Amino acid sequence: MRTYLTLFLTFMRIGGLTFGGGYSMLPMMQRELVENHGWTTESELADYYAISQCTPGVIAINTATFIGYKVAGVFGGIFATLGVAFPSLVIITIIAAFLQNFADLAVVQHAFAGIRVCVCVLIFQAVRKLWKNTVVSTSTAIIFGVVFILSAAFSISPIILVTLAGISGVIIKTVQNKEVK
Amino acid sequence: MILLRLFFEFFKVGLFSVGGGLATLPFLYNISDKTGWFTHADVTNLIAISESTPGPIGVNAATYVGFLTDGLIGAIVATLGIIAPAIIVILIISRVLDKFQKSTLVQNVFYGLRPASTALIASAGVLVVKNAFFLISATGVSIQIPHLILGVILLILVNKINLHPALYILIAAVVGIIFKL
C-alpha cells in the first residue's frame with residue numbers, strides 16, 4: 001500500500017510541475033524517477049518514450065503506466081497513471097469553472113514567456129543526459145542524426161521513424177555479430 | 001447517459017491519437033462537430049489554457065471539455081476515458097516485454113530505438129526553442145534578446161547547481177513577471 005501511495009504522490013508531483021506536455025516531463029522524470037527513487041534508468045526511460053510515441057495515448061500517461069507497472073505491478077501502473085493525471089484534473093477544473101480568460105491575463109503571459117525559456121534549457125539538459133546513455137557508438141550516432149533530421153526538418157511520423165530505427169538496430173547487431181564470428 | 005457517451009468518446013480519443021497531446025486536437029474538433037457539447041472556440045481557448053498550466057496536454061483537454069459538457073463529474077469521466085486505453089495497452093506491452101526482455105532480438109531492437117527516441121525528443125525541443133526565443137510577426141522573424149539572456153543564465157545555473165527542475169521553472173516565471181518578458 002505504501003508503495004502505491006509513493007507512486008501516486010511522486011507522479012502527482014511530476015504531473016503538477018510539468019509545463020507543456022510529455023517532452024517537458026522528461027527532466028522532471030529523470031530527477032524524480034532515476035536520481036531520487038532509482039526506479040528506472042536513463043536508457044529505460046528512452047525505451048519507454050520510444051514505445052509511447054508509437055502506442056495510443058498521451059506520452060506522459062504511457063510512461064507513468066510503464067514505470068508504475070515496473071515498480072509495483074498492475075496496480076502500481078494504475079496508481080502512477082492516476083497520480084500524473086490528478087493535478088490536471090484539479091487545476092483545469094478550477095480554471096474552467098472560474099477563470100475562462102486565464103490565458104489572457106498579462107501576468108500569466110509574462111510568467112509563461114519565462115517558463116518557456118526554462119523548459120528549453122531543461123529539455124536541452126535532459127537530451128544531453130539521454131544522449132550519453134543512448135548514443136553509444138558510431139551506428140547509434142548515425143541513427144540519431146537521421147531520425148533527428150527526418151523528424152525536425154521533414155515532420156516524418158514518429159511511428160515510421162521508431163519502426164525503422166528498431167529494424168536498423170536488429171540489422172546492425174546481426175551484421176556486427178557475424179563479423180565477430 | 002451523457003456520461004457514458006462522454007467516457008466512450010474520450011476512450012476513442014485515447015485509443016486512436018498516437019504521439020502525444022497535440023495529436024488529440026483533430027479528434028476534439030470532430031467530437032465538437034458531432035455532439036455540439038462544446039464549440040471550436042472552446043478548443044482554441046483550451047489550447048491556450050493547456051499551454052499555460054502544468055500537466056499533459058491530452059489530459060488537460062479531456063478535463064476541460066468534460067467540465068464544459070457536464071461539470072465536475074463530466075471532467076472526471078472524460079479524463080478517465082482518455083487514460084483508460086493507455087493503461088490497458090501499456091500494461092499488455094509491459095507484460096510482453098517482461099517475458100522477452102532477455103531475448104537478443106528485443107535487445108537489438110532497443111539498441112536502435114534508444115538513439116531514435118533521443119532524436120525525437122531533441123526534435124521536439126527545436127519546436128520549443130522556436131516558441132521561446134523567436135517572435136514571429138507579419139514583418140518577419142526576430143530573436144528576442146532578453147529571452148536569450150535568461151536562457152543562457154539558466155543554462156549556466158543548471159550546470160553549476162543541481163536543483164530540482166521545478167525550482168528553475170519557478171525562478172523563470174518570477175523573472176518573466178518582473179521583467180515583463
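This short talk covers chain A, its interface with chain B, one pocket and one cavity.

Keep in mind that the model is predicted.

Chain A to begin with. It has seven helices and zero strands. Along the sequence, the pattern reads α-α-α-α-α-α-α. Put a box around the C-alpha atoms of chain A, along the principal axes, and you get roughly 65 × 45 × 25 Å.

Now the interface. How many residues does each chain bring to the contact? Chain A gives 95 residues and chain B gives 85 residues. The area buried between chain A and chain B is about 7,900 Å². Of that, 77% is on carbon and sulfur atoms.

On to the polar side of the interface. There are 18 residue pairs in polar contact across it, both partners at pLDDT 80 or more. The rule finds one salt bridge between chain A and chain B. Which side chains make a salt bridge here? A:Asp47 and B:Arg114, at 2.6 Å, N to O.

Which elements of chain A give two or more residues to the side touching chain B? They are α1 (2–17), α2 (25–36), α3 (42–54), α4 (59–98), α5 (106–134), α6 (138–154) and α7 (158–180). The largest share comes from α5(A), with 23 residues. By class, this side of chain A splits into 63 nonpolar, 25 polar and seven charged residues.

Next, the second largest pocket. Its space is about 290 Å³. The lining has 18 residues. Nearest the centre are A:Cys120, A:Ile123, A:Phe124, B:Gly125 and B:Val129. Both chains supply helices here. From chain A, α5 and α6 each give at least two lining residues. From chain B, α5 (104–133) and α6 (145–160) each do so too. The lining of this pocket counts 15 nonpolar residues, two polar and one charged.

Last, the cavity. Searching the whole structure turns up one cavity of 30 Å³ or more. The space in the largest cavity is about 30 Å³. What lines it? From chain A, we have Leu17, Thr18, Phe19, Ser24, Pro27, Met28, Val119 and Leu122. From chain B, Ile169 joins the lining. Two helices of chain A, α2 and α5, each supply at least two of the lining residues. By class, that lining has seven nonpolar residues, two polar and no charged ones.

To pull one thread together, take α5 of chain A. This helix gives the largest share of chain A's side of the interface. It helps line the second largest pocket. It also helps line the largest cavity.

Definitions and conventions: Residues numbered from 1 in each chain as written. Chains lettered and ligands numbered in written order. Predicted model: local features only at pLDDT ≥ 70, side-chain atom pairs only at ≥ 80, totals over all residues. Heavy atoms only, no water. Contact = heavy atoms within 4.5 Å. Buried area = accessible area lost by both parts, 1.4 Å probe. Salt bridge = Lys/Arg side-chain N within 4 Å of Asp/Glu carboxyl O. Polar contact = N/O pair within 3.5 Å; in protein donor to acceptor, adjacent residues only side chain to side chain. Helix = DSSP H or I, 4+ residues; strand = E, 2+ residues; numbered from the N terminus. Nonpolar A, V, L, I, M, F, W, Y, C, P; charged D, E, K, R; others polar. 1 Å grid on protein atoms, 1.4 Å probe; cavity = no way out; pocket = protein on both sides within 12 Å on 5 of 7 lines; lining within 4 Å. Points joined across faces, edges and corners; volume = space filled by probe spheres on them.
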